[in-house]
Amino acid sequence: MPLNPTRPMPALPPTNGRAAGSLQHLLLRLQAMGWLLLGRGAAAERVFDRMLARWPQDAYALASRAHQRAASGRLDEAIADAQRLVEAHPARGGADWFNLAFMLEQAGRLDEAEAAARRALALDERLDRAWY
């Protein structure tokens, strides 16, 4: 059956505040991955910024931008993104909380790090390394 560009694609159930099959989201995600593969973290971060302007609570963009910011030594900004991620998606997974705990520990915010590590462990007991 030939493709019909005038025929709309079937809608997919919404997820994370956007259509799961959003072509624009996919293209931006691929663009960011390409920049990262080329070692162009700042360019990838600009793509994450564009994604978050369109989808403010997008888990992929928040987690990725937090990682990029931490890797570039901007720990306070990375922590802000990670906190935004767990506030928007508190039960998405223990890894988000684990990453936040790790960054908070690096920043010397030990009480907050402990609380985030406890949350990570509550969501995924395999993250017991959060205590080491």
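Me: Let's start with Arg-65. Which helix is it found in?
Reply: This is a predicted model, and the chain has six helices to choose from. Arg-65 is found in helix α3.

Me: Is Arg-65 buried or exposed?
Reply: The cut-off for buried is under 20% relative accessible area. Arg-65 comes in at 8%, so the verdict is buried.

Me: Leaving aside its neighbours within four places in sequence, which residues is Arg-65 in contact with?
Reply: Arg-65 sits in helix α3, and its close sequence neighbours are set aside here. What's left is a list of Glu-45, Phe-48, Asp-49, Leu-52, Asp-81 and Arg-84.

Me: Arg-69 forms a salt bridge with Glu-45; how far apart are the closest N and O atoms?
Reply: A side-chain nitrogen within 4 Å of a carboxyl oxygen is what makes a salt bridge. Arg-69 and Glu-45 meet that, with their closest N and O atoms separated by 2.9 Å.

Me: And how many residues apart in sequence are the parts that this pair ties together?
Reply: Arg-69 belongs to helix α3 (residues 59-71), while Glu-45 belongs to helix α2 (residues 41-54). The pair therefore links parts of the chain whose separation in sequence is 24 residues.

Me: What is the relative accessible area of Glu-45?
Reply: Both ends of this bridge are tucked away: Arg-69 is buried, at 11% relative accessible area, and Glu-45 is buried too. For Glu-45 the value is 8%.

Me: Which residue meets the side chain of Asp-96 in a salt bridge?
Reply: Asp-96 counts as buried, at 9% relative accessibility. Its partner is partly exposed, with a relative accessible area of 46%. The N to O distance is 2.7 Å, and the partner is Arg-92.

Me: Is Glu-112 buried or partly exposed?
Reply: Glu-112 and Arg-109 join side chains in a salt bridge of 2.8 Å, N to O. Arg-109 has a relative accessibility of 28% and counts as partly exposed. Glu-112 has 36%, so it, too, is partly exposed.

Me: Which residues do salt bridges that share partners join into one network?
Reply: A search of the whole structure turns up eleven salt bridges. Some share partners, and following them gives one network. Its members are Glu-45, Asp-49, Arg-65, Arg-69, Arg-74, Glu-77 and Asp-81.

Me: On to α5: what span is expected for this helix at 1.5 Å a residue?
Reply: Helix α5 covers residues 94-106, which gives it 13 residues. From first C-alpha to last it reaches 18 Å, close to the expected 18 Å.

Me: Which elements do the buried residues of α5 pack against?
Reply: The buried residues of α5 are Gly-94, Asp-96, Trp-97, Phe-98, Leu-100, Ala-101, Met-103 and Leu-104. They pack against α3, α4 and α6.

Me: Which residue with positive phi follows α5?
Reply: Helix α5 runs over residues 94-106. After it comes a residue with phi near 80°, and that residue is Gly-108.

Me: How far apart in space are Gln-24 and Met-51, C-alpha to C-alpha?
Reply: Gln-24 is in helix α1 and is partly exposed, at 36% relative accessibility. Not counting residues up to four places away in sequence, Gln-24 touches Arg-54 and Trp-55. Gln-24 and Met-51 are 27 residues apart in sequence, and in space their C-alpha atoms are separated by 9.2 Å.

Me: What is the area of the nonpolar surface patch made by Leu-23, Leu-26, Leu-27, Leu-30 and Met-33?
Reply: Leu-23 lies in helix α1 (residues 23-37) and is exposed, at 55% relative accessible area. Leu-23 joins Leu-26, Leu-27, Leu-30 and Met-33 in a nonpolar patch of about 470 Å².

Me: Which element of the chain has the lowest mean pLDDT?
Reply: Chain-wide, the mean pLDDT is 86, and 81% of residues reach 70 or more. Over residues 1-15, though, pLDDT is below 50. Where pLDDT is low, the predicted coordinates should not be read in detail. Helix α4 has the highest mean, 98, and the lowest, 45, belongs to strand β1.

Me: Last one: what percentage of the residues of the chain count as buried?
Reply: The elements run β-β-α-α-α-α-α-α from the N terminus, and the accessible surface comes to about 8500 Å². Of the 132 residues, the buried share is 35%.

Conventions. Residues are numbered from 1 along each chain as its sequence is written. Side-chain values use heavy atoms; hydrogens and water are left out. pLDDT is the predictor's confidence in each residue, from 0 to 100. Helices (H or I, at least four residues) and strands (E, at least two) are DSSP runs, numbered from the N terminus. Contact means heavy atoms within 4.5 Å. Patches are made of residues with over 30% relative accessible area and no salt bridge: like charges are joined within 9 Å, nonpolar side chains (Val, Leu, Ile, Met, Phe, Trp, Tyr) within 5 Å. Accessible areas come from the Shrake-Rupley method with a 1.4 Å probe; for residues, only the protein chains shown count as cover. Buried means under 20% relative accessible area, exposed over 50%, partly exposed in between (1.4 Å probe, protein chains only). The expected span of a helix is 1.5 Å times one less than its number of residues.
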